[in-house]
Amino acid sequence: MSNYPHLFSPLQIGDLTLAHRIVMAPLTRLRSSQPGDIPSDLNAEYYGQRATEGGLIVTEATNISLEGKGMPGAPGIYSAAQIEGWKLVTQAVHDKGGIIFLQIWHTGRASHSSLHPEAGLPVSASALAINDGSRATNAEGQRVDFEVPRALETGELPRLIADYRQAARNAKEAGFDGVEVHSANGYLLNQFLEDSTNRRTDSYGGSIENRARLLMEVVDAVFEVWGNERVAVRLSPYVTYADMGDSDPIALYSYVLGELSKRGIAFAHVVEPRVGRASQATTLDHSLPETAKLFRKAFAGVFVTAGGYSAEDAEGAIAPGYADAVAFGRPFIANPDLVERFRTGSTLNVPERTTFYGGAEKGYTDYPTIEQAGLEEAGQEQAGEEPTGAIAR
């Protein structure tokens, strides 16, 4: 019997039934096969290790086009080879009885022209560079200053929306169960939403309704492929990473969630700001607003929260109804059997930060399960050694 009865209760998401409410969050790992940003057997092994019967995985952010690429090694979903590569991943997850959504992504100004030389400068809502002290990564893997992006012209937006629609089609061909539209963490759709990055004077700028227009048109386009019950959206109110911010986040995100609620999307996936600058955070800032509590009432559907949760925190968010499910990031990196560890109250492996981005098996597919660690320790004890293992104590 689990100590977390709400976390281990079933949940209906559209026409899908989850066996528990522990979601694997989207985690950029930069391990696609090169050239071509193609998922491989290694990626299939990684996702397959973390799949559970009736458990939901949201993949790492995946480029909808070469123009949208912002990091070397991130996978794409715009070529035939990428589609075939992702089929390996979806098969591995489905073989374990898991459910997997592809997170579709355009990085916008958080990119560098060397990553897509034929497309030229990165694009954004407005011609404003990121100036928060962070750095872009160029095609050679060097850290360089962000460039001033090119503001997308109004007439280009139908083409951009078509790229999202095609990515959704490609995801269906690759065997995914749905898609999550990435509109968070300082990337393109987020750049249109917030007034610190959107200074447009056309119908996609100015008012909250106008700034949210592109996201809604993208969501509606993806509905054409998947229907509303297989499409989710990720949002990040109050996250300041990549120089983001809005003058009235309560009004903005209450409107956005309200519109998504009317559309009946599969779930809203909302990031807590307390984690700080993505993987660089070492402690949680509890002085920041709690978005699950602030925005839950704005959305009538399934509400997924993410950002620095423990199993105890997750139970405490689901029990009173602040969230319906909780997405876990770094705990899933180091614990392929995270669900079982939560179920049994087992100690967690500690993630190795230096292996988060890029590389091969180390820090990716070599973290031990409870069973593997137990066998290793038993072998050491039999040999007369002190058990060390990889489990943090």
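This report describes strands, a helix pair and selected loop residues in a predicted model.

## Strand β4 and its crossover to β5

Strand β4 covers residues 56-63 and is mostly covered, with 8 of its 8 residues buried. Strand β5, made of residues 99-105, runs parallel to β4, and 6 bridges join the two strands. Within this pairing, Asn63 has Trp105 of β5 as its bridge partner. Between the two strands the chain passes through helix α2 (residues 80-95), and the resulting β-α-β crossover is right-handed.

## Parallel pairing from β10 to β12

Strand β10 (residues 178-182) and strand β11 run parallel and are joined by 4 bridges. In this pairing, Glu180 stands opposite Ala232 of β11. Strand β11 (residues 231-235) has 5 of its 5 residues buried, so β11 is largely enclosed by the rest of the structure. The side chains of β11 are divided between two directions: Val231, Val233 and Leu235 point one way, while Ala232 and Arg234 point the other way. All of these residues are buried, the charged Arg234 included.

Strand β11 is also joined to β12, again by 4 bridges and in a parallel arrangement. Here the bridge partner of Leu235 is Val270 in β12. The chain travels from β11 to β12 by way of helix α7, in a β-α-β crossover that is right-handed. Helix α7 consists of residues 249-263.

## Strand β13 between β12 and β14

Which strands pair with β13? Strand β12 (residues 267-271) runs parallel to β13 and is joined to it by 5 bridges. Strand β14 (residues 325-328) also runs parallel to β13, with 3 bridges joining the two. Thr305 of β13 takes part in both pairings: Val270 has Thr305 as its bridge partner, and Thr305 in turn has Val326 of β14 as its partner.

Strand β13 spans residues 302-306, and 5 of its 5 residues are buried, so the strand is largely enclosed by the rest of the structure. Val302, Val304 and Ala306 point one way from β13, whereas Phe303 and Thr305 point the other way; all are buried. Together with helix α9 (residues 311-318) and β14, strand β13 makes a right-handed β-α-β unit.

## Packing of helices α3 and α6

Two packed helices are described by the angle between their axes and the distance between the axes. For helix α3 (residues 157-173) and helix α6 (residues 213-226), the angle is about 35 degrees and the axes are 9 Å apart. The crossing of these two helices is right-handed.

On the α3 side, the contact is made by Leu157, Leu160, Ile161, Tyr164, Arg165, Ala168, Arg169, Ala171 and Lys172. On the α6 side, the contributing residues are Leu214, Glu217, Val218, Ala221, Val222, Glu224, Val225 and Trp226. Sorted by class, the contact holds 12 nonpolar residues, 5 charged residues and no polar ones.

## Backbone features in loops

Most residues other than glycine have a negative phi, and most peptide bonds are trans. The loop between β3 (22-24) and α1 (41-50) contains Pro35. The peptide bond that joins Gln34 to Pro35 is cis, with omega of about -5 degrees. Asp37 is found in the loop between β3 and α1 as well, and has a positive phi of about 55 degrees although it is not a glycine. Is Asp37 buried or exposed? Asp37 is buried, because its relative accessible area of 2% falls under the 20% cut-off.

A positive phi, near 65 degrees, is also found at Ala242, another residue other than glycine. Ala242 lies in the loop between β11 and α7. With a relative accessibility of 3%, Ala242 counts as buried.

## Surroundings of Ala139

Ala139 is placed in the loop between β7 (136-137) and β8 (143-144). Its relative accessible area is 38%, so Ala139 is partly exposed, this value lying between the cut-offs of 20% and 50%.

What does Ala139 contact once its neighbours within four places in sequence are left aside? The contacts of Ala139 are then with Ser114 and Leu115. Ser113 is 26 residues away from Ala139 along the chain, and the C-alpha atoms of these two residues are separated by 8.6 Å.

Note on methods. Residues are numbered from 1 along each chain as its sequence is written. This is a predicted model: local features need pLDDT of at least 70, side-chain atom pairs count only at pLDDT 80 or more; totals for chains, interfaces and linings use all residues. Side-chain values use heavy atoms; hydrogens and water are left out. Buried means under 20% relative accessible area, exposed over 50%, partly exposed in between (1.4 Å probe, protein chains only). Two strands pair if DSSP finds at least two bridges between them. A crossover is right-handed if, with the strands pointing away from the viewer, the path from the first strand over the helix to the second runs clockwise. Axes are lines fitted to C-alpha atoms, for helices over the stretch in contact, and angles run from 0 to 180 degrees between N-to-C directions. A crossing is left-handed if the near helix is turned anticlockwise from the far one by less than a right angle, and right-handed if clockwise. Contact means heavy atoms within 4.5 Å.
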